[in-house]
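Please read these notes with the structure open beside you. They take up empty spaces first, then a surface patch, then a single loop residue.

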Amino acid sequence: MKQPPPLQLSSLFISLFLFSNITTSLTLTPTPSPTSSPSSSSSSSSSSTLDPKQVRALQSLNIPTSKDPCSQPSYNNATVCDAATPFRHLISLTLSNCPSYVALSFTALKSLSTLNTLHLLNCPVPPIRFPPELISSLRSFTAINSLRRVTGAWLSQLQNLTELTVTNVQVKATGPYVILAHMNKLQSLTISHANLTGYLPGHVHSNLTHIDFSDNHLKGNIPTSITILDTLQSLNLSSNSLSGEIPASISDLISLKFLSLASNSFSGSIPDSISAVSGLVHMDLSSNQLNGTIPKFISQMKNLKHLNLANNNLHGVLPFNQSFINKLEVFNVGGNSNLCYNHSVLSSKLKLGVSPCDKYGMPVSAPSKGSSADDNSDDDYSDGNEDDSKNTKKHHHGPNKFVLGVAITLSSIVFLIVLMIMCAKCCR
């Protein structure tokens, strides 16, 4: 048999070598999942620095892994990794706009138990039980328009959180206390637009800096216990069914910068003690049943930028000058029918939404059609002089004709009597 030349032998060996590698590669490549292609799987296994178990967990959650998830910026900024070797691990994961077929699995979450932060944004996946390892490691959990519906007991399992945000998620609980009872490390709390019922908790942990229970169905008073939070910077209780008076002890919230109690049923006056919260930047007490006058101390709050006292039962004269109002970014006092302003202090061009005061400090009555209360403001502070001049003008049209006729007749009779008496004396 004729031997092939050396060149042909080398070509044959190279072909056999390449065929062998291709065969090996095909036998080691895992069956691709519906959410990943063969090329992405082989690429991720060869180039990723992430723990292979976590790579598979990401693939099950429809997160592409063709690019190393630990490289920055990651896909949609969804992942952040630690610096461990030889494999890195996820410490932050954001799932956003999840397709309908994506579901959280216990196995995947157990592989992701190194997470400190888990954010679900527009992910209507059903909630499942979290592995104990993940519960222990999580410090920040966010669910916005996600998870469909959760219970207070489900949220309460996340006991090591420092930050909890649940918005546009139905939360079934008898009150916030069920959720918060064992969250001793919590610093930032948001449960809003959640149909949460019950009362504000009588006991809260003192390290909270942010509380947002807006747009729920909470009722009752503000508990005095909330005023122990001397590190609290933001308190939003708007759009609930809270009632009673604003507690004077709110002055103990010395770090407060944002306060919104809008759209509730609070009554009584605005407590003077709020003046002690000197760092307040945002104060919204609108749409309640507050009465009394507006405290003068508000005009001395140098950091205030947003002031909304609209739609209450406040009365009296506005205690603000124009320079104070001009420095505000938001100012609204409309919807207080017994409130008025002194036009000698404030210009009608400010469009304050309230009437000017008359000389007695009362609002001018509703203006006639085609005119405004502000147009009549000069009359209100003229001490009635113009009204007197108008009355005087009415009498300058001359005496009444009947009275004039009677006067002439009487004068004629008197003249005739005098004339007759004189004639009688002359005849004697």
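1. The largest cavity holds about 70 Å³ of space. It is lined by 13 residues, and those closest to its centre are Pro201, Val204, Ile211, Phe213 and Ile226. Bear in mind while looking that this is a predicted model.

2. What classes of residue make up the lining of the largest cavity? Nonpolar residues account for 12, one residue is polar, and no charged residue takes part.

3. How many cavities of 30 Å³ or more does the whole structure have? The search finds two. General background for this kind of search: rolling a probe the size of a water molecule over the atoms shows where empty space is left.

4. The second largest cavity encloses about 60 Å³. Its lining is made by Tyr177, Leu180, Ala181, Met183, Leu186, His203, Val204, His205 and Leu208. Seven of these residues are nonpolar and two are polar, with no charged residue among them. Val204 deserves a second look: it is one of the residues that line this cavity, and it is also listed among those closest to the centre of the largest cavity.

5. Pockets are open, unlike the cavities above. The second largest pocket has a volume of about 180 Å³. Of its 13 lining residues, Asn62, Ile63, Tyr75, Asn76 and Ser96 lie nearest the centre. The lining as a whole divides into eight nonpolar and five polar residues, and again no charged ones.

6. On the surface, Phe402, Val406, Leu410, Ile413, Ile417 and Ile421 together make a nonpolar patch of about 590 Å². One of these residues, Leu410, sits in helix α11, which covers residues 401-427.

7. Is Leu410 buried or exposed? Its relative accessible area is 51%, and the cut-off for exposed is over 50%, so Leu410 counts as exposed.

8. Val364 belongs to the loop between strand β22 (355-356) and helix α9 (377-380). Why is this loop residue classed as buried? Its relative accessibility is 14%, and buried means under 20%, so Val364 falls in that class.

9. How far apart are Val364 and Tyr341 in sequence and in space? In sequence they are separated by 23 residues, and in space their C-alpha atoms are 9.9 Å apart.

Technical notes: Residues are numbered from 1 along each chain as its sequence is written. This is a predicted model: local features need pLDDT of at least 70, side-chain atom pairs count only at pLDDT 80 or more; totals for chains, interfaces and linings use all residues. Side-chain values use heavy atoms; hydrogens and water are left out. Helices (H or I, at least four residues) and strands (E, at least two) are DSSP runs, numbered from the N terminus. Buried means under 20% relative accessible area, exposed over 50%, partly exposed in between (1.4 Å probe, protein chains only). Patches are made of residues with over 30% relative accessible area and no salt bridge: like charges are joined within 9 Å, nonpolar side chains (Val, Leu, Ile, Met, Phe, Trp, Tyr) within 5 Å. Accessible areas come from the Shrake-Rupley method with a 1.4 Å probe; for residues, only the protein chains shown count as cover. A salt bridge is a side-chain nitrogen of Lys or Arg within 4 Å of a carboxyl oxygen of Asp or Glu. On a 1 Å grid over the protein atoms alone, a cavity is a set of points where a 1.4 Å probe fits but cannot get out, and a pocket is an open set with protein on both sides within 12 Å along at least five of seven lines; lining residues have an atom within 4 Å of a point. Grid points are joined across faces, edges and corners, and a volume is the space filled by probe spheres set on the points. Ala, Val, Leu, Ile, Met, Phe, Trp, Tyr, Cys and Pro count as nonpolar, Asp, Glu, Lys and Arg as charged, and the others, Gly among them, as polar.
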